[in-house]
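This briefing covers a sheet, salt bridges and pockets in one protein chain. Please read it with the model open.

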Amino acid sequence: MSQVEHCRSCGSAALEPVLDLGTTAFADRLLRKEELSLPEPSAPLRVVLCTECSLVQIDETVPPELLFGESYLYYSSVNDYLLKHSKACVDELIASRGLSADSFVLELASNDGYLLRNYVDAGIPCLGVDPVAAFAEAAAKVGVETRTEFFTEAFAKQLAVEGVRADVIHANNVLAHVADTNGFVAGIAHLLSEDGVAVFEMPYLRDLIEGLQFDTIYHQHLL
């Protein structure tokens with residue numbers, strides 16, 4: 001665990017406390033029977049505001065290996081609304097970008113292939129990147145090739161050397177999970193084709209406040 005003293009985006013030290021939820025256990029963990037008597041991992045959960053760039057963030061970083069290891073069991077395909085939304089997004093991009101069998105699509109944090117399967121069905125080459133091996137195995141069953149890695153700028157450079165250039169890069173609900181926000185975005189820049197497009201989906205602070213979505217504040221959501 002480590003507490004950040006500078007904004008995750010602009011690097012300013014002007015971080016003002018907004019909300020302190022105390023020390024809490026990690027969300028999205030399903031314990032096995034043999035783990036029930038063990039101490040539950042936990043960490044401080046504090047929300048701060050950068051007064052320089054207005055980014056709201058939590059100031060504690062839990063190593064991603066603890067949050068997104070094999071105990072992380074959220075399979076995106078169980079969400080019917082998400083499946084419909086993802087297909088509609090893919091259909092729109094195929095039409096608006098003129099994607100074909102000569103195109104290439106990359107998704108970061110591709111989970112179980114819930115989104116990329118739509119490109120597979122359309123005959124458009126694609127690749128997923130996700131750190132959870134179980135997700136990669138599930139994705140393979142629907143024809144989605146997946147590299148089991150955390151996406152970083154260093155890994156992006158490796159993919160670039162391998163010749164990966166994407167016409168579309170999806171990064172849905174992942175940027176807020178990444179401690180090195182700027183490195184993640186820089187990695188995307190290494191892999192976009194000259195006229196490629198990156199598509200991000202992420203939480204919005206106004207919705208959180210107006211909808212009282214306090215339950216979306218947890219250690220996976222750094223931003």
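Which residue's side chain meets that of R147 in a salt bridge? The partner is E162, at 3.0 Å from N to O. The model is a predicted one, and the points below take its salt bridges, one of its sheets and its two largest pockets in turn.

**Salt bridges**

- The whole structure holds 5 salt bridges.
- The R147–E162 pair ties together distant parts of the chain, 15 residues apart: R147 belongs to strand β8 (residues 146–147), while E162 sits in the loop between α5 (153–161) and β9 (166–172).
- Both ends of that pair are partly exposed, R147 with a relative accessible area of 21% and E162 with 44%.
- R46 and D59 also join through their side chains, with 3.1 Å from N to O.
- Here too distant parts of the chain are linked: R46 lies in strand β3 and D59 in the loop between β4 and β5 (60–61), 13 residues apart.
- D59 has a relative accessible area of 5% and is therefore buried, the limit for that class being under 20%.
- E60 belongs with R46 and D59 to a network of salt bridges.
- K87 and D91 form a further salt bridge, in which the closest N and O atoms are 2.8 Å apart.
- Both residues are in helix α2 (residues 80–97), and because they are 4 residues apart, about one helical turn separates them.
- K87 is partly exposed at 41% relative accessible area, and D91 is partly exposed at 38%.

**The three-stranded sheet**

- Strands β2, β3 and β4 make an open sheet in the order β2-β3-β4, and their pairing is antiparallel.
- The edge positions go to β2 (15–25) and β4 (56–58); each has a single partner strand, so one side of each lacks a neighbour in the sheet.
- On average, neighbouring strands of this sheet are turned by 20 degrees against each other, direction ignored.
- β3 (residues 42–50) is joined to β4 by 3 bridges in the antiparallel sense.
- V48 has Q57 of β4 as its bridge partner.
- Strands of a sheet pair through backbone hydrogen bonds.

**Largest pocket**

- The volume of the largest pocket is about 960 Å³.
- Its lining has 42 residues, and those closest to the centre are A109, N172, N173, V174 and H177.
- Helices α1 (64–67), α2 and α6 (181–191) each contribute at least two lining residues.
- The biggest contribution to this lining comes from α2, with 3 residues.
- Sorted by class, the lining comprises 23 nonpolar, 13 polar and 6 charged residues.

**Second largest pocket**

- This pocket has a volume of about 440 Å³.
- Its lining counts 21 residues, with V56, Q57, L205, L208 and L223 nearest the centre.
- Two or more lining residues come from each of β2, β4 and α7 (205–210).
- There are no charged residues in this lining, which has 17 nonpolar and 4 polar ones.
- Q57 therefore appears twice in this briefing: as the bridge partner of V48 and, by the definition of lining residues, as part of the wall of this pocket.

How values were computed. Residues are numbered from 1 along each chain as its sequence is written. This is a predicted model: local features need pLDDT of at least 70, side-chain atom pairs count only at pLDDT 80 or more; totals for chains, interfaces and linings use all residues. Side-chain values use heavy atoms; hydrogens and water are left out. Two strands pair if DSSP finds at least two bridges between them. Axes are lines fitted to C-alpha atoms, for helices over the stretch in contact, and angles run from 0 to 180 degrees between N-to-C directions. A salt bridge is a side-chain nitrogen of Lys or Arg within 4 Å of a carboxyl oxygen of Asp or Glu. Buried means under 20% relative accessible area, exposed over 50%, partly exposed in between (1.4 Å probe, protein chains only). On a 1 Å grid over the protein atoms alone, a cavity is a set of points where a 1.4 Å probe fits but cannot get out, and a pocket is an open set with protein on both sides within 12 Å along at least five of seven lines; lining residues have an atom within 4 Å of a point. Grid points are joined across faces, edges and corners, and a volume is the space filled by probe spheres set on the points. Ala, Val, Leu, Ile, Met, Phe, Trp, Tyr, Cys and Pro count as nonpolar, Asp, Glu, Lys and Arg as charged, and the others, Gly among them, as polar.
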